[in-house]
Structures are given as structure tokens and as C-alpha cells.
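I am opening a notebook on a structure that is new to me, and I want to look up its strands, its charged pairs and its cysteines in turn.

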Amino acid sequence: QLVESGGGLVQPGGSLRLSCVASTSIFSIYSMGWYRQDPGKQRELVAQITGGGSANYADSVKGRFTISRDNAKRMVYLQMNSLKPEDTAVYYCHVETIGGLHYWGQGTQVTVSS
């Protein structure tokens, strides 16, 4: 119900753009966002955005990552600039509905390495 794309391998200082589309089976979307998880670590919020455009970011990515959303296309994007090796993780798209349901994508690998 959530399909991500855009992960890959990039050198430190490079950029990547992640995309996620929500299927029409998900109703009344409230927020859309991105989480990431390294093996052996907890999944952490990277950024999320409401339908009205209010966004919040993890401190570690502020000023480098930008989240955006196209409500008509049911899509959320994460533009990642100035990538660092510590940004390496599996990135998961997340949606929360007005009714409090949570949906997760399958994850896309982002690797930052020279």
C-alpha cells in the first residue's frame, strides 16, 4: 500500500531523493513521513509532514533534508543533500491516517560511502 523508490549508493556529500506513493486503499491520510533504521538500532523518525504542510525533522538532518508532499498524487518525497556515512540506513515511508491507523513501506536502502 506504500511503495518507495529512490534509494541507492552515494558518496559522502552527495544527494538522493526518495519517493513514496500511497495506494488509494488508504483513506483520510493525516501525516506522511520517513523513518530510518540501522541494523541493531531502533527505527527513528527522519521527517514528517501533515496535509497542511507542517513539517518536522530529526535534529540530525535539519538543514540537509527536505520533506515535501503532493496530496493530489498521494506522494511524499525526501530530498537528502550533503549526505553523511551516518545517514546510511533502510528508509521507510510511513503514513498515519486521521483515524490513527499506521502504514509502512517495505523500505529502501540508502548507503553513503566512498
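How many bridges join β4 to β9, and in which sense do these strands run? I looked this up with the caution that the model is a predicted one. I find that β4 and β9 run antiparallel and are joined by 8 bridges.

**Entry on β4 and its partners.** Within the pairing of β4 and β9, I noted one pair of residues, in which Ser-31 has Glu-96 of β9 as its bridge partner. Next I turned to strand β5, residues 44-50, which also runs antiparallel to β4 and is joined to β4 by 6 bridges. Here Met-32 is the residue that stands opposite Ile-49 in β5. Between β4 and β5 the hairpin has 6 residues, and among them I marked Gly-40, which takes a positive phi near 85°. I then asked how much of β4 is covered, and I read that 7 of its 9 residues are buried, so β4 is largely enclosed by the rest of the structure.

**Entry on the open sheet.** I also looked up a sheet of 4 strands, which is open and antiparallel in its pairing, with the order β1-β3-β8-β7. The edges are taken by β1 (2-5) and β7 (65-70), and because each has a single partner strand, one side of each is left without a neighbour in the sheet. From one strand to the next, the twist of this sheet averages 15°. At one end of the order I followed β7 and β8, which pair in the antiparallel sense over 6 bridges, and I wrote down that Arg-69 stands opposite Val-76 in β8.

**Entry on the disulfide.** Which cysteines form a disulfide? The count comes to 1 disulfide, and the cysteines that form this link are Cys-20 and Cys-93, with sulfur atoms 2.1 Å apart. Cys-20 belongs to strand β3 (residues 16-22) and Cys-93 to strand β9, so the pair ties together parts that are 73 residues apart in sequence. The link of Cys-20 and Cys-93 is left-handed, with -85° about the S-S bond. When I checked accessibility, Cys-20 counted as buried because its relative value is 0%, and Cys-93 is likewise buried with a relative accessible area of 0%.

**Entry on the salt bridges.** The count of salt bridges comes to 5. One of them I traced from Arg-36 to Asp-87, whose side chains meet at 3.0 Å, N to O. This pair links distant parts of the chain, 51 residues apart, with Arg-36 in strand β4 (residues 29-37) and Asp-87 in the loop between β8 (75-80) and β9 (89-97). Are Arg-36 and Asp-87 buried or exposed? I find both Arg-36 and Asp-87 buried. I also see that Arg-36 and Asp-87 are part of a network of salt bridges in which Glu-44 and Arg-64 are linked as well.

I then looked up Lys-41, which forms a salt bridge with Asp-38 with the closest N and O atoms 3.9 Å apart. Lys-41 counts as exposed because its relative accessibility is 54%, whereas Asp-38, at 24%, counts as partly exposed. My last note is on Asp-59, which forms a salt bridge with Lys-62, the closest N and O atoms lying 3.1 Å apart. With a relative accessible area of 64%, Asp-59 is exposed.

Methods. Residues numbered from 1 in each chain as written. Predicted model: local features only at pLDDT ≥ 70, side-chain atom pairs only at ≥ 80, totals over all residues. Heavy atoms only, no water. Salt bridge = Lys/Arg side-chain N within 4 Å of Asp/Glu carboxyl O. Helix = DSSP H or I, 4+ residues; strand = E, 2+ residues; numbered from the N terminus. Buried < 20%, exposed > 50% of the residue type's maximum accessible area, 1.4 Å probe, protein only. Pairing = 2+ DSSP bridges. Axes fitted to C-alpha atoms, helices over the stretch in contact; angles between N-to-C directions. Disulfide = S-S within 2.5 Å.
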